[in-house]
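Student: I would be grateful for a close look at one part of this protein, namely its main pocket. Please also explain how that part fits into the rest of the chain.

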Amino acid sequence: MPSNYNFRYFVSFARVSLSLTTLDGGSQEIPSFSQLAILEEVLSRIAFDLNIQVDDAKDMRPADFFELFAGTGFGGLSVIFFTRLNFTLSQALESHRILHDQLLATPDWIKGDMESCSATLQRLLDVITRKHGRGIILDDYLDDPRSPKGFVCAMNPTTVTTPRLLRTYRSRTNFGPRCTIRQAACTALADQLHLPAIQIPDDGETFIGAHLGFNNPTGVVLPEIPNAFPKAKHVSCIVNLGAGHAGFATIPAGGPTLEVLRKAAQDCEKVAESILSRSYNLPGLFHRLSVEHGVQTSFVASTPIATRATIASHTKAYLELTLTSDAVDKLVESVVKPEATIPVKQLLSWAGPNEPAKMQKDVDHIRSSIDNQIFRDIQAWLKPLDQVEKHESAIEARTEGTCEWFLDHSSFTNWQDNPKSFLWVHGGMGTGKTTLFSSAVEFLSNVEGVLAYYYFDVRDSTSLTVRAMLVSLVCQAISTNWEPCPSILWSARPWIPAAKYYRTPQCSQSHCTGRFLSSIYPR
């Protein structure tokens, strides 16, 4: 790189106000390619306006132009690349390509094999760091006084209303968990679908990425300014790069992955609209760029992951729009020669008070709608046999008042009073086992609790398998308010699209069904 490329000097001594960059989390299925392509266009125009002699904008370091970065999900991983590892844009792009090709496009990711995905992710991060890290290793602490400043949004799975910030700098107040670069990178991507939650030993807590609730970290970065820059007086530029992933889903419209994307996109847009409305009189202050507009209906169901070529095509078309080009020019101008600045104290008021109750309600609504969709997909996938019809037939064939002795018998009452007990009623064919069973089901349907039942029928050979019984019991149980339902639903989610759309030896219909059932009924 030419010796006259020394923008760090310009940032350190010529600027009197801060420029902030936030990167949305987007989808767990596609890295931040569109964000990096937009950033490349921004840096290219900055280099031109400042007469910086550089052969390729990809060779520039984003941390030389923006003082504070914040990110969620793959956006959070980009923050680590730009700050603690101080990557050039080219190095960050190459790193995301490695993760895409060797992790996200693999059967293990599609199937949701968290143990395998976690091992692969850590191996690839080691490869990336050894190649571009300039002596830094993943087990170094994330915070370093020599590092550009940025943070990753994370959360405790049990406390989803409050983000926890994994910082590359030490703050005087509310420092939060101190973690290694490895722990921060894995936490950023942890979604409990493909990658497990990460325990940070120094803090004793478990963390996941803040995909639900803080997918757009702009609202989080505003109150963080005094912690990162205690002496800062003004902010001149807030850049929010959308992930642009709403148009790339691995399953057709209506599936749970698409529902997650839509909810996440709505979250991002709400935050952006709130900041935009508050900065109405300061037109050069807040800038949001995202490719997602105009590609909402482009779905890729024939391949596991949307190709990089498709993303590049959409991003190129987006950047060629006149409105987009004008928006990029305004952003560049606010970085190179800022005119609109706002006092930090005024900006802090924009963050507003925390609304944990409202946020919890929003998160619960998102999860509920996703759970409902997953349940419908499970029903369509597993096709459980109808037990209601068989039960009603058994009831109709029974004489009223029959079996009351059985319901009062000590064997039945003891079984009912002891949740972990087992009651085996046995007898020859035609001795009344079905009649007793139907009476017990009818009685228990009026008792508080979760009820699931199954009729084996010698007249229906499809009902005589263990798989048919297990499938029926699972589907009945998850249609209720049974406590384990959420974990069962989310454990099923990776297997549904794999079974439906990826007919490979590793992802056959029977294989996916078996893996799902074995996760619920461990040996």
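Tutor: The following account begins with the model as a whole, turns to the pocket, and then visits several other residues.

The structure is a predicted model. Its protein chain contains 21 helices and 9 strands. Of its 523 residues, 51% count as buried. Among contacts between residues at least 6 apart in sequence, 75% join residues at least 24 apart.

Confidence should be considered before any detail. The chain has an average pLDDT of 76, and 73% of the residues score at least 70. Helix α7, residues 181-189, has the highest confidence, at a mean of 95, while helix α1, residues 7-14, has the lowest, at 34. Throughout residues 1-16 the pLDDT is below 50, and the model gives this stretch 27 contacts beyond near neighbours in sequence. A second stretch, residues 497-507, also stays under 50, with 23 contacts beyond four places in sequence. Where pLDDT is low, predicted coordinates should not be read in detail.

We now come to the pocket itself. The largest pocket holds about 2,100 Å³ of space. Its lining is made up of 48 residues, and those nearest the centre are F437, V441, A452, Y453 and Y454. Sorted by class, the lining has 33 nonpolar residues, 10 polar residues and 5 charged residues.

Which helices supply this lining? At least two residues each come from α14 (387-396), α16 (410-417), α17 (433-444) and α18 (466-477). Of these contributions, the one from α17 is the greatest, at 8 residues.

Y453 deserves particular attention, as it is one of the residues nearest the centre of the pocket. Y453 is placed in the loop between α17 and α18. Is Y453 buried or exposed? Its relative accessible area is 12%, and because the limit for a buried residue is under 20%, Y453 counts as buried.

The contacts of Y453 show what surrounds it. Beyond four places in sequence, Y453 touches Q387, V388, H391, F437, V441, S472, L473 and Q476. Two of these partners, F437 and V441, are also listed among the residues nearest the centre of the pocket. The partner Q476 is 23 residues away from Y453 in sequence, yet their C-alpha atoms are 8.0 Å apart in space.

Outside this discussion of the pocket, helix α8, residues 218-228, offers an example of a covered element. In α8, 8 of the 11 residues are buried, so the helix is mostly covered. The buried residues are T218, V220, V221, L222, E224, I225, N227 and A228.

Loops also repay study, and A197 is a useful case. A197 belongs to the loop between α7 and β5 (198-200). With a relative accessibility of 26%, A197 counts as partly exposed. Although A197 and I208 are 11 residues apart along the chain, their C-alpha atoms are separated by 5.0 Å. I208 is also among the contacts of A197 beyond four places in sequence, together with A190, Q192, T206 and F207.

Two further loop residues are notable for their backbone angles. Most residues other than glycine have a negative phi. N86, which is not a glycine, has a positive phi of about 50 degrees. N86 sits in the loop between α3 (74-82) and α4 (89-104). Its relative accessible area is 17%, and N86 is therefore buried. Setting aside residues up to four places away in sequence, N86 is in contact with R61, A63, F81, Q91, R134 and P148.

C403 is the second of these residues: its phi is positive, near 80 degrees, and it is not a glycine. C403 is found in the loop between α14 and α15 (404-408). With a relative accessible area of 3%, C403 is buried. Another cysteine, C153, is also buried, at 0% relative accessibility.

What is the number of disulfides in the model? A disulfide is a covalent bond between the sulfur atoms of two cysteines. The count for this model comes to 0 disulfides.

To return to the part you asked about, the largest pocket has a lining to which α17 gives the most residues. Near its centre lies Y453, a buried residue in the loop between α17 and α18.

Key. Residues numbered from 1 in each chain as written. Predicted model: local features only at pLDDT ≥ 70, side-chain atom pairs only at ≥ 80, totals over all residues. Heavy atoms only, no water. 1 Å grid on protein atoms, 1.4 Å probe; cavity = no way out; pocket = protein on both sides within 12 Å on 5 of 7 lines; lining within 4 Å. Points joined across faces, edges and corners; volume = space filled by probe spheres on them. Helix = DSSP H or I, 4+ residues; strand = E, 2+ residues; numbered from the N terminus. Nonpolar A, V, L, I, M, F, W, Y, C, P; charged D, E, K, R; others polar. pLDDT = per-residue confidence, 0-100. Contact = heavy atoms within 4.5 Å. Disulfide = S-S within 2.5 Å. Buried < 20%, exposed > 50% of the residue type's maximum accessible area, 1.4 Å probe, protein only.
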